[in-house]
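Open the model in a viewer and keep the selection panel at hand. The stops below go from one selection to the next.

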Amino acid sequence: MRWRTLLLPAWVVAQACSAGNGGGPTEARHSMVASQIEARGVLDARVLQALREVPRHLFVPEAVRDLAYADRALPIGQGQTISQPYVVAVMTELVDPQPDDVVLDVGTGSGYQAAVLARLVREVISIEIVPELADQARQRLAALGYANVTVITGDGYAGRPERAPFDGIVVAAAPDTVPPPLLEQLAEGARLVIPVGGAEQMLRVFERTSSGLETRDIFPVRFVPLVRDPD
Ligand SMILES: C[S@@+](CC[C@H](N)C(=O)[O-])C[C@H]1O[C@@H](n2cnc3c(N)ncnc32)[C@H](O)[C@@H]1O
């Protein structure tokens, strides 16, 4: 069965996604979380629950909807992708989201990562450089009832100084080197989770501590490049 519920009111979507029998999206999502995510070591119960709840099939184009719960990134148009669910889970766990946090999400894309974060924190500020994707994500998140996400069209390299400091920052596109403004916008105790590099990339965590910045390498990744706004 194909899942064609995009742009239905949020309560209809919620009901459809909670039906949970007959091999529908809820079952596929629970199976994705168990086999692709929990089995590979993501153990934060709140993160796992958020991934069970966000209807990933409504964040991908209809042409690839049947693959929404597969262990892979998928095209979302404009030459961009929605990240592999496991990588979203790892990045979400690494940023250590807490209920009162305000988190910056750079590279909105489909809005999926922002939706996962929105279930875990107070507010998500999400920045997307491709206007068409930003518009679609804004509409999609509103239709699904994510009232605590603001999608901004622009270059996330500069972060959002007027809303800083952030309790966490997640970046879904890879710069060659880490953008200094994002490090500057971390609150004490907050983490920046970001892929860094060109042909070879590493997922890195930068944590601001009382004595400076601590850095950890997580694992090699492959993200689209962080592009810069020529203006
Ligand atoms: C891997 S995709 C995003 C996946 C997204 N988090 C999701 O859940 O669908 C990376 C996104 O980063 C965007 N991007 C690239 N450079 C950017 C920049 N400087 N500022 C903001 N967004 C950027 C791309 O247009 C693309 O949509």
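Select β2, α4 (85–95), α5, β4 and β9 (212–221): each of these elements supplies at least two residues of the lining of the largest pocket. This is a predicted model, so treat what follows as computed from predicted coordinates. Within that selection, colour α4 separately, since the largest share of the lining, 4 residues, comes from α4.

Now show the pocket itself. The largest pocket has a volume of about 610 Å³. A total of 40 residues line the largest pocket, and the closest to its centre are Thr81, Ala172, Ala173, Phe223 and Val224. Colouring the lining by class gives 25 nonpolar, 12 polar and 3 charged residues.

Next, display the ligand. What does the ligand occupy? The space taken by the ligand is the largest pocket. Three elements give two or more residues to the shell around the ligand: β2 (80–82), α5 (112–118) and β4 (123–128). Of the shell, the largest share, 3 residues, comes from β2, whereas for the lining of the pocket the largest share comes from α4.

Restrict the view to the residues around the ligand, which number 25. Ser110, Glu128, Asp155, Gly156 and Val227 come nearest to the ligand. By class, this shell has 12 nonpolar, 11 polar and 2 charged residues.

Three distances can be drawn from oxygen atoms of the ligand:

- Ser110: an N or O atom in the side chain of Ser110 is 2.6 Å from an oxygen atom of the ligand.
- Glu128: here too the partner is an N or O atom in the side chain, and the distance to a ligand oxygen atom is 2.6 Å.
- Tyr112: a polar backbone atom of Tyr112 is 3.5 Å from an oxygen atom of the ligand.

With those contacts on screen, add the ligand surface. How much area does the ligand expose when taken alone, and what percentage of that does the protein bury? Taken alone the ligand exposes 600 Å², and the protein buries 98% of that.

Two backbone stops remain. Select Ala164 and Pro165: the peptide bond from Ala164 to Pro165 is cis, with omega near 0°. Pro165 lies in the loop between β5 (149–153) and β6 (166–171).

Finally, select Gln78, which is in the loop between β1 (74–77) and β2. Check its backbone torsions: Gln78 is not a glycine, yet Gln78 has a positive phi of about 60°.

How values were computed. Residues numbered from 1 in each chain as written. Predicted model: local features only at pLDDT ≥ 70, side-chain atom pairs only at ≥ 80, totals over all residues. Heavy atoms only, no water. Near = heavy atom within 4 Å. Polar contact = N/O pair within 3.5 Å; in protein donor to acceptor, adjacent residues only side chain to side chain. Areas by Shrake-Rupley, 256 points an atom, 1.4 Å probe, with all protein chains shown as cover. 1 Å grid on protein atoms, 1.4 Å probe; cavity = no way out; pocket = protein on both sides within 12 Å on 5 of 7 lines; lining within 4 Å. Sits in = over half its atoms within 2 Å of the grid points. Nonpolar A, V, L, I, M, F, W, Y, C, P; charged D, E, K, R; others polar. Points joined across faces, edges and corners; volume = space filled by probe spheres on them.
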